[in-house]
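Colleague: I would be grateful for a close look at a single part of this chain, the stretch that carries a motif annotation in UniProt. Please describe that part, and then place it within the chain as a whole.

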Amino acid sequence: MPSQVVEILSAEEVRRTVNRMTSQLVEKSRDLSKLVMLGIHTRGVPLAKMMARQIELLEQVQVPVGALDITFYRDDLDQIGVRTPEKTDIPFDISGKTIVLVDDVIYKGRTVRAALNAVHEYGRPEAIWLAVLVDRGHRELPIQADFIGKNLPTAKEEQVKVYLQDMDGRDAVELIKP
């Protein structure tokens, strides 16, 4: 039986959702000069760049953006399989900064836990916030995003697929039902 694909966010809705999340982030941040964005590979990186561009448009402040690979910090490599690691790129000091971890989808919380472990190898930030485009529920760890683009309750057998222009040639979010 073929899968059913349902578009959850169109390209325009992805743009508006990222803009809303960014506005909420700016509101919460007391000092934008202390803010840095860390995108979690793979699709968190272009999302972090999108949010940083929006902050620059809104506030005329350039927020540094880095990329974080969490492959070897995961506790479920035996289940997901070892992948070729991406490059962690944090070309700035994170000590004393407010880090915004950015990811496309939060599900069980294991990716974020691994990211928190990885971050502390690079310094001691003042605070760490989490921004996700889609929260699909089913947490196994006590982790909650600070900025959520779309709450999307899903069944465990369903998948959420995020497409981003920089990687996929289009912006969209789809729900794939078996």
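Modeller: In this predicted model, the end C-alpha atoms of residues 99–111 lie 16 Å apart. By secondary structure, the span is 62% strand and 15% helix. The interest of these residues comes from the record: an unreviewed UniProt entry gives residues 99–111 the annotation "short sequence motif: PRPP-binding". As such annotations may be inferred rather than shown by experiment, the label is reported here as the record's own.

The surrounding chain contains five helices and eight strands. Read from the N terminus, its elements follow the order β-α-β-α-β-α-β-α-β-β-β-α-β. Contacts also link distant parts of the sequence: among those between residues at least 6 apart, 69% join residues at least 24 apart.

As to overall dimensions, the C-alpha trace spans about 50 × 35 × 30 Å along its principal axes. The radius of gyration of the chain is 16 Å, which agrees with a compact globule, because a globule of 178 residues would have a value near 16 Å. Of these 178 residues, 47% count as buried, where buried means under 20% relative accessible area.

Turning to the surface, the accessible area of the chain comes to about 9,300 Å², and carbon and sulfur atoms account for 46% of that area. The chain carries 27 negative and 24 positive side chains. The centres of these two sets of charges lie 2 Å apart.

Key
Residues are numbered from 1 along each chain as its sequence is written. This is a predicted model: local features need pLDDT of at least 70, side-chain atom pairs count only at pLDDT 80 or more; totals for chains, interfaces and linings use all residues. Side-chain values use heavy atoms; hydrogens and water are left out. Helices (H or I, at least four residues) and strands (E, at least two) are DSSP runs, numbered from the N terminus. The radius of gyration is taken over C-alpha atoms; the globule rule is 2.2 Å times the number of residues to the power 0.38. Buried means under 20% relative accessible area, exposed over 50%, partly exposed in between (1.4 Å probe, protein chains only). Contact means heavy atoms within 4.5 Å. Accessible areas come from the Shrake-Rupley method with a 1.4 Å probe; for residues, only the protein chains shown count as cover. Lys and Arg count as positive and Asp and Glu as negative; His and the chain ends are not counted. The place of a charge is taken as NZ of Lys, CZ of Arg, CG of Asp or CD of Glu.
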